[in-house]
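Student: Could you pick one part of this structure and take me through it slowly? I'd like to see how it ties in with what is around it.

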Amino acid sequence: MDCCSFCQDKTADNIAVPYSYIPGAARDGTLSDLSIAIPACGECRDLLGEVYWSSLEEAAGYLASVYRELYAHLLNTAKWERDELFELGHGLRHFVETSQRTKFETKERIASCDRVAVLGPEFSEQVLDEIAYAVSCAQLRNAEKS
Ligand SMILES: [Zn+2]
């Protein structure tokens, strides 16, 4: 399963983007109306469905700022030391450990969005193959039309 192109969350979802947003896309405009599916988690996809964005970098920057605000309560929770955790009862300790893990994962997701906002997305071989396949199919269709 591929990871989200923005936050690296494990995902089974896709988001459709114009071919021109893909790094290395041909700039001659022949395939500008081609829509390409790239992996995106449900949360990133839902958020991006509500706004206009003109590049994957811009989309990632937007997501990073939304997640910082959305999860501010989680990101601002105090860090617990191991010996502090062991002073807690089992139920409470489990709760704190779970929220600490979620905090860590959320920080990672935001860091990934920040990275994509600056460096652009990094696609797996499989995603790159799928993009190349979609492009060659579209080129074939265009060639048949002309
Ligand atoms: Zn995501």
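Tutor: Let's begin with Gln-8, which is partly exposed because its relative accessibility is 37%, and partly exposed means a value between 20% and 50%. Keep in mind as we go that this is a predicted model. Gln-8 sits in the segment before strand E1. Its phi is near 70°, which is a positive value in a residue that isn't glycine.

Now look one place back in the sequence, at Cys-7, whose SG atom is one of the atoms coordinating the zinc ion. The other three partners are the SG atoms of Cys-4, Cys-41 and Cys-44, and the distance is 2.3 Å. What is the geometry of the site? It's tetrahedral, with angles of 101 to 118° among the four donor atoms. For comparison, the ideal angle for four tetrahedral donors is 109.5 degrees.

How are the donor residues spaced along the sequence? They follow the pattern C-x2-C-x33-C-x2-C. The site also links distant parts of the chain: Cys-4 is in the segment before strand E1 (14–18), while Cys-41 is in the loop between strand E2 (35–39) and helix H1 (42–48), 37 residues apart. Are these two cysteines buried or exposed? Cys-4 counts as buried because its relative accessible area is 0%, and buried means under 20%. Cys-41 is buried too, at 3%.

Let's stay with the segment before E1 and move to Phe-6. The largest nonpolar core has 36 residues, and Phe-6, Val-17, Ile-22, Ile-36 and Ile-38 are the ones that touch the most other members. Which elements feed into this core? E1, E2, H1, helix H2 (56–70), helix H5 (90–119) and helix H6 (125–145) each give at least two residues. H2 gives the largest share, with seven.

Ile-38 is a good one to click on. Skip its neighbours within four places in sequence, and it's in contact with Ser-5, Phe-6, Asp-13, Asn-14, Ile-15, Val-17, Ile-22, Leu-56, Phe-123 and Ile-131.

Phe-6 also turns up beside Leu-48, a residue of helix H1. Leu-48 counts as buried because its relative accessibility is 3%. Leaving out residues up to four places away, Leu-48 touches Phe-6, Ile-15, Trp-53, Ala-59, Tyr-62 and Leu-63. Thr-98 is another story: 50 residues along the chain from Leu-48, its C-alpha is 28 Å from that of Leu-48.

Next, an open space. The largest pocket holds about 190 Å³. It is lined by 14 residues, and Asp-2, Asn-14, Ala-37, Pro-39 and Glu-130 are the closest to its centre. E2 and H6 each supply at least two residues of that lining. You've met Asn-14 already, as one of the contacts of Ile-38.

H6 also holds Gln-126, which is partly exposed because its relative accessible area is 47%. Try finding Ser-32 from there: the two are 94 residues apart along the chain, and their C-alpha atoms are separated by 22 Å.

One last stop is Ala-72, in helix H3 (residues 72–75). Ala-72 counts as partly exposed because its relative accessibility is 27%. Measure across to Ala-25 on your screen and you should get 36 Å, C-alpha to C-alpha, for residues 47 apart in sequence.

Back to where we began: Gln-8 is partly exposed, while Cys-4, also in the segment before E1, is buried at 0%.

Key
Residues numbered from 1 in each chain as written. Predicted model: local features only at pLDDT ≥ 70, side-chain atom pairs only at ≥ 80, totals over all residues. Heavy atoms only, no water. Donors = N, O, S within 2.8 Å, 3.2 Å for Na, K, Ca; no water. Tetrahedral: all angles 85-135°; square planar, octahedral: opposite > 155°, others 65-115°. Helix = DSSP H or I, 4+ residues; strand = E, 2+ residues; numbered from the N terminus. Buried < 20%, exposed > 50% of the residue type's maximum accessible area, 1.4 Å probe, protein only. Core = buried A, V, L, I, M, F, W, Y, C linked by side-chain atoms within 4.5 Å. Contact = heavy atoms within 4.5 Å. 1 Å grid on protein atoms, 1.4 Å probe; cavity = no way out; pocket = protein on both sides within 12 Å on 5 of 7 lines; lining within 4 Å. Points joined across faces, edges and corners; volume = space filled by probe spheres on them.
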